Structure formats: C-alpha cells, structure tokens
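Okay, thanks for coming, everyone. I've got one structure to walk through today, so let me put it on the screen.

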Amino acid sequence: MPLVAILAGDGIGPEVTAEARRVLEALDLGIDFEEGLVGGAGYRGAGHPLPPATLDLAKRADGVLFGAVGDPACDALERAMRPEQAILGLRKELGLFANLRPATLFEGLEDAAALRPDVARDIDMVILRELTGDVYFGEKGLRTTGEGLRQGYDVMAYDEAEVRRIAIVGFEMAMRRKKRLHSVDKANVLETSQLWRDVVNEVATGYPEVALIHMYADNAAMQLVRHPGQFDVMVTGNMFGDILSDLASMCVGSIGMLPSAALREWAGACGLYEPIHGSAPDIAGQGKANPCAAILSAAMLLRHSLDMPEPADRIETAVAAAIAGGARTPDLGGTLSTSAMGDAVLAGLA
Ligand code: NAD
Ligand code: IPM
Ligand code: MN
C-alpha cells in the first residue's frame, strides 16, 4: 500500500489539506495516510519546526502532501526555529530540486483573473523553479561593517551541476509540451545568472527542436501581465521562481488555484506536493480558504509519485467541472466555504 505523509502545518494549511485528503479518500485508491507535525505546529508540539519524526515520515513516504507553514507568533524566534525552515529543510533533505508550478486558466475563471479576459484566456504554462539552491541556501548572516553598521547578507550562488540538472528538466518538459522554453535570469547584472545562461545554452545543444528564449526577470514579470500566452515552460532560479509564480497565480484568478510538485525525479520517486500559497493568517480559521490548489496538488502527487495518472485526471476534471459550474470561494468572488468547495469537487468526481 502506498504511504502518503500528510503535513498540514499552520494557518489555512490544515483547512485546505483536509479537503485534498477527502478527495483522495473518495477515490478509494488504497492509500495509507500518516500525519506529521510541521512548522509552527511542529515547534509547539515537538519543539522543532521539522521534528525528526516528521522528517523520517517524509523519507519513508511515497509522497508528501504538504499544507503550509508560517505563523506570525513565531516571527520573533531565531531563524532556525521558524516554521518556514521546515519546508526549506524538507526540500533540501529530500533533494527536491525541481519545482513544477503549473498555471492554467480554468474555463469560467476569466472574470476572476486580474487581467482582461482576452489577455488571460490562453494561459497554460508551467513555471519550473529550481528549489534547492540560489540565494535561499547560500551563506547568510548578520555582521558589522567597518563603519560599525549592522549588515545582513545572503550569498546567491549556483554551481553548473545545479543549473544543468534543472535545465535538463526544463528541456525535457518543453519536448513533451510545445517545444518552447523561456529561461529567466538577470544575466545583465548577476554572475550567478551569467553562469545560468551559459549552462542553459550548453544544454540547449542537445535539444535542437526546442526554441529557447532568454529573458531578464524584470521583463518576464512585465510580459506575464502583458501577454502571458507567449509562455509555455519557464525555467528559472529559486527566488525569481518564487516571485513570478505568485504573480502568475493572479493572472489565472487566485493564488488559491496554483498547485505545485517538488521532485527529485520526474516520476516514481517521493515528491512533495503543496499549494504555492502560504498559511494566510489573515483568513485562517474562518473557512474562507480556497482548497483547489491543495486538491490539485494531490492530483500531481498521484501522477508523479504514485504512477496513478487516471485518478489524477479525474481530480483535475472534477475541479474544472466545479469551477465551470460556478463554485467559487471568496478569493474567486464567491461565497462558498472551504469545505463547500471541497463538496463541489467531490460532486464532480461522482
Ligand atoms: P500567503 O500566501 O499565506 O497569503 C497571501 C494572501 O493570499 C493573503 O491575503 C491570503 O489570505 C491569500 N491567500 C493565500 N492562500 C489562499 C487561499 N488558498 N484561498 C484564499 N486566499 C488565499 O502569503 P503571506 O501572507 O505572505 O505569508 C503568510 C505566511 O505563510 C508567512 O509566514 C509565510 O512565510 C508563509 N508561507 C509559507 C509557504 C509554504 O508553506 N510553502 C508559502 C508562502 C508563504
Ligand atoms: C513558497 C514559499 C516559501 C519559499 C517560503 C515559505 C520559504 O514562499 O513555497 O513559495 O520562499 O519558497
Ligand atoms: Mn512563495
């Protein structure tokens, strides 16, 4: 029996994860579920944002369904004890360097998108975000300058092997889709990005069928709003990918709609699946959160880690049907509660 670890975390994490689990259970796939404490809940319940038992569970599992971590009450803790360290630690410990963040406009959501419907209409893209390197994982600290000023620093670095493996995933994805790959960097300013660009060009020689377009990150942000239909697969570093995926989410209606998969291998290996959003303390505990991103993340788990593409398709079709039928949480301009939205998806499964 496949084992799925449920790490619900903080804020709306448990609310949206409960709906995703309900959908998985309704499909009756013979999955074993085991819950673990993580984030602020881990710190309070077991003294650490990523308790050893939770890391062990994630390593034993065939897939991890993750909610969100982050708790304003923990913001004053030393960094190592903050909830966010749990997700960074899981990504690093499990070697999950490839983060797929698909952004697709569901039929009927044109009115919810922050763009004009005619601009939003064609969006069907994947942001491929490198997830275990960049400024997130470089040397960091607080020091005192020669002038006696406090100075914070975070080193941005990528080695060529890290760039090569994510670039290969980007080209492989492009080959399965529209054979068009945008690589986003800041090579006009950053040495890290110049190496990124050079290595992506090297990998490109093995994929002559793929049209490769390099784009600076600031322009990419603008182009995502101006003409998002030009993008199909966009490969980029950890920080640019974080920012651009939140931006892409509003192009298709809500941050509550974007799932993600964090992988070390394309298929068959344990991956971590989570909505791209956070713990949303402003709406936590009110039943207002949109569970679609979490539910769609469960579909990605079935597809990439459990080799169950048919039930994955069924979930995605059910979400599309619920949306097309007018089901809307408040972020989409509606009034449904989190669990009522879950009900609407379940109805689509039947
Ligand atoms: P956030 O994504 O939690 O929320 C941003 C805004 O989007 C809020 O107004 C929120 O209400 C709304 N929102 C988010 N998800 C929604 C959903 N499913 N349905 C409806 N509305 C939704 O980002 P933030 O406020 O910058 O961060 C809050 C906390 O979450 C912080 O502690 C942050 O570090 C953490 N965080 C964690 C993850 C993660 O666990 N992977 C991701 C992002 C942020
Ligand atoms: C995300 C989040 C995380 C990130 C934080 C919580 C560490 O914003 O998953 O998008 O920056 O990767
Ligand atoms: Mn983010």
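So, K179 is partly exposed, because 15 other C-beta atoms sit within 10 Å; the cut-offs are 20 or more such neighbours for buried, 12 or fewer for exposed, and partly exposed in between, with C-beta atoms placed from the backbone. K179 is in the loop between α6 (160-176) and β8 (180-185). For those labels, helices are DSSP runs of H or I with at least four residues, strands are runs of E with at least two, and both are numbered from the N terminus. What's odd about K179 is a positive phi near 60° in a residue that isn't glycine. Most residues other than glycine have a negative phi.

Before I go on: this is a predicted model, so local features need pLDDT of at least 70 and side-chain atom pairs count only at pLDDT 80 or more, while totals for chains, interfaces and linings use all residues. Residues are numbered from 1 along each chain as its sequence is written, and chains are lettered from A and ligands numbered from 1 in the order in which they are written.

A280 also has a positive phi, about 40°, and isn't a glycine. Is A280 buried or exposed? Buried, because there are 23 C-beta neighbours inside 10 Å. A280 lies in the loop between β12 (272-273) and α10.

Now the domains. The assignment gives domain 1 (1-99 + 258-350) and domain 2 (114-251); bounds like these come from an automatic or database domain assignment. Their C-alpha centres are 24 Å apart. The contact takes 11 residues from domain 1 and 14 residues from domain 2, where contact means C-beta atoms, placed from the backbone, within 7 Å. On the domain 1 side, α4 and β4 (98-104) are the elements giving two or more residues, and α4 has the largest share, with three. That side divides into seven nonpolar, two polar and two charged residues. The classes are: Ala, Val, Leu, Ile, Met, Phe, Trp, Tyr, Cys and Pro as nonpolar, Asp, Glu, Lys and Arg as charged, and the others, Gly among them, as polar.

On to the core. The largest nonpolar core has 106 residues, and V64, L65, L128, I295 and A298 have the most contacts inside it. By core I mean buried Ala, Val, Leu, Ile, Met, Phe, Trp, Tyr and Cys residues joined through C-beta atoms within 7 Å. Helix α10 (residues 292-304) gives the most to this core, 10 residues. Both domains contribute residues, so the core lies between them. As for I295, leaving out residues up to four places away in sequence, I295 touches E19, A20, V23, I315, V319 and V345.

Which residues surround ligand 2? They're E84, I87, L88, D242, I276 and G278, with near meaning a C-beta atom, placed from the backbone, within 6 Å. Helix α4 (residues 84-93) brings the largest share of that shell, three residues.

Last bit: an unreviewed UniProt entry puts "binding site" at D218, D242 and D246. Those positions are in the numbering used here, feature names are shortened, and annotations may be inferred rather than shown by experiment. The three span 29 residues in sequence, but no two of their C-alpha atoms are more than 14.3 Å apart, so they gather at one spot. D218 is in helix α8 (residues 217-226), and D246 is in helix α9 (residues 238-251). Skipping residues up to four places away in sequence, D246 touches I255 and I276.

Terms used
Contact = placed C-beta atoms within 7 Å.
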